[in-house]
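Q: Please take a close look at a single part of this protein. I should like a connected account that starts from one residue, moves to its surroundings, and then relates that part to the rest of the chain.

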Amino acid sequence: MLKIQNLAMRFGGLLAVDGVSLDVQEQEIHSIIGPNGAGKTTVFNCMSGFYKPSGGKIIFQGKEIQGKPDYKISRMGMVRTFQHVRLFTQMSVVENLLVAQHRHLNTNLLAGLVKTPDYRERERKSLDRAAYWLERIGMLDQANVDAGNLSYGQQRRLEIARCMVTQPQLLMLDEPAAGLNPAETQELNQLIVSLKEDYGVSVVLIEHDMNLVMDISDRITVINQGRPLASGTPQEVRANEDVIKAYLGEA
Ligand SMILES: Nc1ncnc2c1ncn2[C@@H]1O[C@H](COP(=O)(O)OP(=O)(O)OP(=O)(O)O)[C@@H](O)[C@H]1O
């Protein structure tokens, strides 16, 4: 469903991403790993339309999307979370989920002012979806709490719910386990697997927690200093000599 071919991203004299390719299948968890500064987030920023790549192609559902703006890419069904949580902290939990859907649907201002039947129907569906996902992440009783007052683990889960209410086909998660305790990481593990198995979503995951990555990934792509280093199943990647050297700092 997603193919990245020979992606390159240059910042002045620095080639932060150089020749990275990725092939993500339907209903697959595909992780991107690599040492700090390897270029993982830059790949995400190119995929999600935050950066216009200097070279290469990104093809989603048969359409070239490199260089398209982020809102168009998310409306096509590819949505992301960020390394640092980006919720509206002074809005309630449920409001965060409603705003995400408004932005996604490009709601017509006039229809909203007049409250046409069609608008009301969409509002009702948005609220149903928000309630569904709050239940799903175990936070229905926090619906009216300000997002800024949630624990870090809850904020991380809410970010995922905020993506899921827009009904994506592909979800990009940037270090979702960062800052979580072991119990929260375990909950996250189950949630990500369920997104794939129960909702048919493909997940592209950037993560430093190797236990999580090895446990849930169908396939892993390793990048090092912007360049592709290895790709394969968790077993293949774990046994790869180049990967072992890069992680031990010998490469
Ligand atoms: N907007 C930018 N302008 C200039 N350089 C950048 C920019 N974004 C990233 N870089 C550089 O590109 C390289 C790759 O950074 P990137 O954040 O993609 O790495 P990463 O693999 O995600 O790292 P980490 O695991 O630490 O998050 C780094 O050298 C970084 O300093």
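A: In this predicted model, Gln 186 counts as partly exposed because 15 other C-beta atoms lie within 10 Å; a residue needs 20 or more to be buried, and 12 or fewer to be exposed. Gln 186 belongs to helix H7, which comprises residues 182-199. Sequence and space can be compared at this position: Gln 186 and Gln 225 are 39 residues apart along the chain, and their C-alpha atoms are 30 Å apart.

The helix itself may be considered next. H7 has 18 residues, and at 1.5 Å a residue it should span 26 Å; the C-alpha atoms at its ends are 25 Å apart, so the model agrees with the expectation. The buried residues of H7 are Thr 185, Leu 188, Ile 192 and Leu 195. Which elements do the buried residues of H7 pack against? They pack against strand S3 (29-33), helix H6 (152-164), strand S7 (170-174), strand S8 (202-206) and helix H8 (210-216). Just after H7 comes Gly 200, with a positive phi of about 70°.

Helix H1 offers a second case to set beside H7. H1 is mostly covered, since seven of its eight residues are buried. These buried residues are Lys 40, Thr 42, Val 43, Phe 44, Asn 45, Cys 46 and Met 47. H1 is followed by Gly 49, which has a positive phi near 85°.

H1 also takes part in the surroundings of the ligand. The residues around the ligand are Phe 11, Leu 14, Ala 16, Gly 34, Asn 36, Gly 37, Ala 38, Gly 39, Lys 40, Thr 41 and Thr 42. Two elements, strand S2 (14-24) and helix H1 (40-47), give two or more residues each to this shell. The largest share, three residues, comes from H1. By class, the shell holds four nonpolar, six polar and one charged residues.

One buried residue of H1, Val 43, leads to the interior of the protein. The largest nonpolar core has 62 residues, and the members that touch the most others are Leu 7, Val 43, Ala 161, Leu 171, Met 172, Val 203 and Val 222. Apart from neighbours within four places in sequence, Leu 7 is in contact with Val 17, Val 20, Val 43, Cys 46, Pro 53, Gly 56 and Ile 58.

The backbone deserves a remark as well. Most residues other than glycine have a negative phi. Asn 6, which is not a glycine, nevertheless has a positive phi of about 55°. Asn 6 lies in strand S1 (residues 2-11), and it is partly exposed because 13 other C-beta atoms lie within 10 Å. Gln 27 is likewise a residue other than glycine with a positive phi, near 50°. Gln 27 is located in the loop between S2 and S3 and counts as partly exposed, with 16 C-beta neighbours inside 10 Å.

Finally, the whole protein can be described. Its secondary structure comprises ten helices and ten strands. Of its 251 residues, 37% count as buried. Among contacts with a separation of 6 or more, 67% join residues 24 or more positions apart. The C-alpha trace spans about 60 × 40 × 30 Å along its principal axes. A compact globule of 251 residues would have a radius of gyration near 18 Å, and the protein, with 19 Å, agrees with this.

Key: Residues numbered from 1 in each chain as written. Predicted model: local features only at pLDDT ≥ 70, side-chain atom pairs only at ≥ 80, totals over all residues. Near = placed C-beta within 6 Å. Helix = DSSP H or I, 4+ residues; strand = E, 2+ residues; numbered from the N terminus. Nonpolar A, V, L, I, M, F, W, Y, C, P; charged D, E, K, R; others polar. Core = buried A, V, L, I, M, F, W, Y, C linked by C-beta atoms within 7 Å. Contact = placed C-beta atoms within 7 Å. Rg over C-alpha atoms; globule rule 2.2 N^0.38 Å. Expected span 1.5 Å × (residues − 1).
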